[in-house]
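Grab a pencil and take a look at the protein below. We'll work through a few exercises on it together.

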Amino acid sequence: MKNNIMKRTALIAAILLLTGFTAAQTSSNIDIEVKNTEPTPLQTSEYADVWLEVTNTGENTAEDVELRFQENYPFSVVRGDRSNWSIGELVPGEEYQIHLEARVDGNAVQGSNTLNFEVRQRDISFTEEVPVEVRSDRNVLAVED
């Protein structure tokens, strides 16, 4: 009797695990990619216009999709500028365009930096890091003995 109960429990657990694995494989997946920047590359101590494309690369419809730009060094937004987008539903393969106006700090490191976005869909929330190039035109003076 005990063996039958244990076998049934193990079988049910295996079925649930397999079902969960299949659902995870066919879920929605939100990707964010830079389409264009002005200037190119972004410049330290300047404002930047960044156009991004949000795409559902998964196999299921993404519902209640919201994006929020998370200020992170060296990027910030001026109070009142748009930093939240309520996209709603994205079917598989669907794309949505957003525009972000951000300021690049004057002491930003030249090279690859990331724009961070909080992505929410229903009860799930994660951070998507989007790489962008930053250039500094500051003259550097080196003094040697």
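Here are three exercises, each with a worked solution.

Before you start: this is a predicted model, in which local features need pLDDT of at least 70, side-chain atom pairs count only at pLDDT 80 or more, and totals for chains, interfaces and linings use all residues. Residues are numbered from 1 along each chain as its sequence is written, and side-chain values use heavy atoms, with hydrogens and water left out.

**Exercise 1.** Work out the strand order of the four-stranded open sheet, and say which strands stand at its edges.

*Solution.* Step 1: get the terms straight. Strands here are DSSP runs of E with at least two residues, numbered from the N terminus, and two strands pair if DSSP finds at least two bridges between them.

Step 2: read off the order. It goes β1-β3-β7-β5, with antiparallel pairing.

Step 3: find the edges. β1 (30-38) and β5 (75-76) each have a single partner strand, so one side of each is left without a neighbour in the sheet.

Step 4: zoom in on one edge. β5 pairs with β7 (residues 95-104) over two bridges, in the antiparallel sense, and F75 sits opposite V104 in β7.

**Exercise 2.** Now trace the open sheet of five strands: what is its order, and how do its neighbours run?

*Solution.* Step 1: the order is β2-β9-β8-β4-β6, and the pairing is mixed. β2 and β6 are the edge strands, each pairing on one side only.

Step 2: start at β2 (residues 42-43). Two bridges join it to β9 (residues 124-135), and these strands run parallel; L42 has V134 in β9 as its bridge partner.

Step 3: move on to β8 and β9. They run antiparallel and are joined by 11 bridges, with R120 partnering S125 in β9. Their hairpin has two residues between the strands, and R122 takes a positive phi near 55 degrees there.

Step 4: finish at the other end. β4 (residues 62-70) and β6 pair over five bridges in the antiparallel sense, with V65 opposite G88 in β6.

**Exercise 3.** Classify the ring pair W85 and F117: what is its geometry?

*Solution.* Step 1: check the cut-offs. Rings of Phe, Tyr and Trp (its six-membered ring) pair if their centres lie within 6.5 Å; planes under 30 degrees apart are stacked, over 60 edge-to-face, and the rest tilted.

Step 2: apply them. The centres are 6.3 Å apart with 55 degrees between the planes, which makes the pair tilted.

Step 3: place the residues. W85 lies in β6 (residues 84-90) and F117 in β8 (residues 111-121), so the pair ties together parts 32 residues apart in sequence.

Step 4: add the surroundings. Both W85 and F117 are buried (under 20% relative accessible area, with exposed over 50% and partly exposed in between, using a 1.4 Å probe and protein chains only). Together with F69, W85 and F117 form one aromatic cluster.
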